[in-house]
Amino acid sequence: QVQLVESGGGLVQAGGSLRLSCAASGSIFSIKGMGWYRQAPGKQRELVAAVTSRGTTNYADSVKGRFTISRDNAKNTVYLQMNSLKPEDTAVYYCNADITPSGSGWYNYWGQGTQVTVSS
């Protein structure tokens, strides 16, 4: 019964900032990788940023230098700080995580998504 819940989305003007949060809850033994994806209308879901259990980060070229992913392991939470937002960043943002609830095996989970709208 693991679930991921995103928050922090909203409407912002171009050049503004937002911080997204994703909290994992339930019977969790450990969390490996965590990341953020986004999907705009008519487009495929794409990776925005990810962070491994070792702290290694990866970003889409389109957001490098503007977005920062981080995680708080004590709170089972991952964040996405988004600065210098552009209209093309408008999308539903989804949290994703690889989690083991029992100590063996890894399962992939998705959050319900949070809307980010950047006005021009």
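So, a nonpolar core, the way I'm using it today, is a set of buried Ala, Val, Leu, Ile, Met, Phe, Trp, Tyr and Cys residues joined through side-chain atoms within 4.5 Å. Keep in mind that what you see above is a predicted model.

With that, let's go to the core. The largest one has 31 residues, and the members that touch the most others are W36, L80, M82 and Y93. Who supplies it? The elements giving two or more residues are β3, β4, β5 (46–51), β7 (67–72), β8 (77–82), β9 and β11 (114–119). Of these, β9 gives the most, with five residues.

Okay, the disulfide. The count comes to one, and it joins C22 to C95, with 2.1 Å from S to S. It links distant parts of the chain: C22 is in strand β3, residues 18–25, C95 is in strand β9, residues 91–100, and they are 73 residues apart. Buried or exposed, these two, C22 and C95? Both are buried. As for handedness, the torsion about the S-S bond of C22 and C95 is about -85°, so this disulfide is left-handed.

While we're on β3, have a look at its partner β1. The two pair in the antiparallel sense over five bridges, and S7 stands opposite S21 in β3. Now, in a regular strand the side chains alternate between the two faces of the sheet. You can follow that along β1, residues 3–7: L4 and E6 point to one face and are buried, whereas Q3, V5 and S7 point to the other and are not. Yes, that does put a glutamate, E6, on the buried face, together with L4.

Last bit, the aromatics. There is one aromatic pair in the structure. Which residues form it? Those are Y37 and W110, edge-to-face, 5.0 Å centre to centre and with 65° between the planes. This pair also links distant parts of the chain: Y37 belongs to strand β4, residues 30–39, and W110 to strand β10, residues 107–110, which puts them 73 residues apart.

Why call Y37 partly exposed? Because its relative accessibility is 25%, and buried would need a value under 20%. W110 is partly exposed too, with a relative accessible area of 38%.

And then there's R45, which lies over the face of W110, at 4.7 Å from the ring centre. R45 also lies over the face of Y94, there at 3.8 Å from the ring centre. So if you're turning the model around on your screen, R45 is where I'd pick up Y94 and W110 together.

Note on methods:
Residues numbered from 1 in each chain as written. Predicted model: local features only at pLDDT ≥ 70, side-chain atom pairs only at ≥ 80, totals over all residues. Heavy atoms only, no water. Phe/Tyr/Trp six-rings, centres within 6.5 Å; stacked < 30°, edge-to-face > 60°. Helix = DSSP H or I, 4+ residues; strand = E, 2+ residues; numbered from the N terminus. Buried < 20%, exposed > 50% of the residue type's maximum accessible area, 1.4 Å probe, protein only. Lys NZ or Arg CZ within 6 Å of the ring centre and 35° of its normal. Disulfide = S-S within 2.5 Å. Pairing = 2+ DSSP bridges.
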